[in-house]
Amino acid sequence: MARKDKTMSMSAAVAAFVHDGATVCLEGFTHLIPVAAGHEIIRQGRRDLTVVRMTADIVVDQMIAAGCVTRLVSSFVGNSSAGSLGELRRRVERADPAPLIFEEYSHYGMVCRYLAGAQRLPFYPLRSYGGSDLPSVNPALRKVTSPYPGPDGEPEQIYVVPPVNPDVTIIHAQRADRRGNTQMWGLTGVQAEAVYAADRAVVVVEEIVADEVIRSDPNRTLVPAHAVDAVVHCPRGAHPSFAQGYYDRDNAFYRAWSHISKDPQRLREWLDTWVYGTADHAQYVAGLGEEHWAGLAVGEAPSTPVDYGRRLS
């Protein structure tokens, strides 16, 4: 049987899988954030999206400013220890220039939503909302009666969260083969769960590698090919976040973003130059210049090889 080649350009993948009104998950925790995918969604002018992202950060701020997002589902909003997200704050605090619906969970609550979605469960139980103020602002946080007795022998009331089943999940990773067997290392977050929860999945990678590379280290495959609909080769596509082993976090950009996004005019000028003014992410990368990328270069830190063993006969 021929092995299916799922490689696509970023523009083709977004056109095929991200539609107006869709629920779009963009996951990646601290590194491997699918920023280039967010920029292509902006270029293609998608509207009325529900964006699901545990740590809503710069790329979400940019998508909101571009008018792509009407609802945000998240457990953290902020500029990753470097300040605020100006556009998001204007929308939530003052509905300026338009309101943003914000559905808030805890980090673990979001993890449980992905787990429920991935397993096609109607809800997922958790204890951590007891004593929290979140249920007072999010009616989706509800209690059910356990079918089993608690420590006192009586049925227990426990909080539950609903599943999340995005129309499409987009993740960034270090490498994949052409079929979509995707490998990640470093902080891995909930990318695998987010992929399994979705109807469709797009994987954006720093490298496309041969099957033999994937087979040489199978335990590093967090997302298998059968769960992936498209593979996009997009080097440096996580900037300004980092890709462990490929390039470092652009801390100067994070610091600058707070000042850029605080001023609506400056933010729109940035979008005009760096997103609308670029044909694709390769042009964005080239615009930053090799000197900029040299400052984000990382040294080698090889992992010790593992002998998986094989039959002698």
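# Loops, Helices and Salt Bridges

User: In which loop is the place of Thr-30?
Analyst: Helices (DSSP runs of H or I, at least four residues) and strands (DSSP runs of E, at least two) are numbered from the N terminus. In these terms, Thr-30 has its place in the loop between β2 (23-27) and α2.

User: What kind of model is this?
Analyst: Residues are numbered from 1 along each chain as its sequence is written, and side-chain values use heavy atoms, with hydrogens and water left out. Local features need pLDDT of at least 70, side-chain atom pairs count only at pLDDT 80 or more, totals for chains, interfaces and linings use all residues, and the model itself is predicted.

User: How is Thr-30 classed by its relative accessibility?
Analyst: Thr-30 is not a glycine, yet its phi is positive, about 75 degrees. Most residues other than glycine have a negative phi. For accessibility, buried means under 20% relative accessible area, exposed means over 50%, and partly exposed lies in between (1.4 Å probe, protein chains only). The relative accessibility of Thr-30 is 36%, so the residue counts as partly exposed.

User: What is the phi of Arg-236?
Analyst: Arg-236 belongs to the loop between β15 and α9. With a relative accessible area of 24%, Arg-236 is partly exposed. This residue is not a glycine, and its phi has a positive value, near 65 degrees.

User: Which residue does a cis peptide bond join to His-239?
Analyst: Most peptide bonds are trans. The bond that begins at His-239 is cis, with omega about 15 degrees. The partner lies in the loop between β15 (230-233) and α9. The residue joined to His-239 is Pro-240.

User: In which loop is Pro-97 found?
Analyst: Asp-96 and Pro-97 are joined by a cis peptide bond, whose omega is about 0 degrees. Pro-97 is found in the loop between α4 (86-94) and β7 (101-104).

User: How many residues of helix α3 are buried?
Analyst: Helix α3 covers residues 58-65 and is mostly covered. Its buried residues include Ile-58, Asp-61, Gln-62 and Ala-65. After α3 comes Gly-67, with a positive phi near 80 degrees. The number of buried residues in α3 is eight of eight.

User: Are α2 and α3 roughly parallel or roughly antiparallel?
Analyst: The axes, which are lines fitted to C-alpha atoms over the stretch in contact, give angles from 0 to 180 degrees between N-to-C directions. The axes of α2 (residues 35-43) and α3 come within 10 Å and cross at roughly 0 degrees. Angles under 35 degrees count as roughly parallel, over 145 as roughly antiparallel, 65 to 115 as roughly perpendicular and the rest as oblique. The two helices α2 and α3 are therefore roughly parallel.

User: How do α9 and α10 lie relative to each other?
Analyst: Two packed helices are described by the angle between their axes and the distance between the axes. For α9 (residues 251-262) and α10 (residues 264-274), the angle is about 120 degrees and the axes are 5 Å apart. That makes the relation of α9 to α10 oblique.

User: Which residues of α10 meet α9?
Analyst: A contact means heavy atoms within 4.5 Å. From α9, the participants include Phe-253, Trp-257 and Ile-260. The residues of α10 that meet α9 are Pro-264, Arg-266, Leu-267 and Trp-270.

User: How many salt bridges are found in the whole structure?
Analyst: A salt bridge is a side-chain nitrogen of Lys or Arg within 4 Å of a carboxyl oxygen of Asp or Glu. One of them joins Asp-57 and Arg-53 (2.8 Å, N to O), and both of these residues are buried. A search of the whole structure gives a count of 17.

User: What is the distance in the salt bridge of Glu-212 and Arg-215?
Analyst: Both Glu-212 and Arg-215 lie in helix α8 (residues 211-216), three residues apart, about one turn of the helix. An α-helix has 3.6 residues a turn, so residues three or four places apart point the same way. From N to O, the distance in this salt bridge is 3.4 Å.

User: How far from Cys-68 is the nearest cysteine sulfur?
Analyst: A disulfide is a pair of cysteine sulfur atoms within 2.5 Å, and by this rule the count is zero. Cys-68 is in no disulfide, and the nearest cysteine sulfur, that of Cys-25, lies at a distance of 16 Å.
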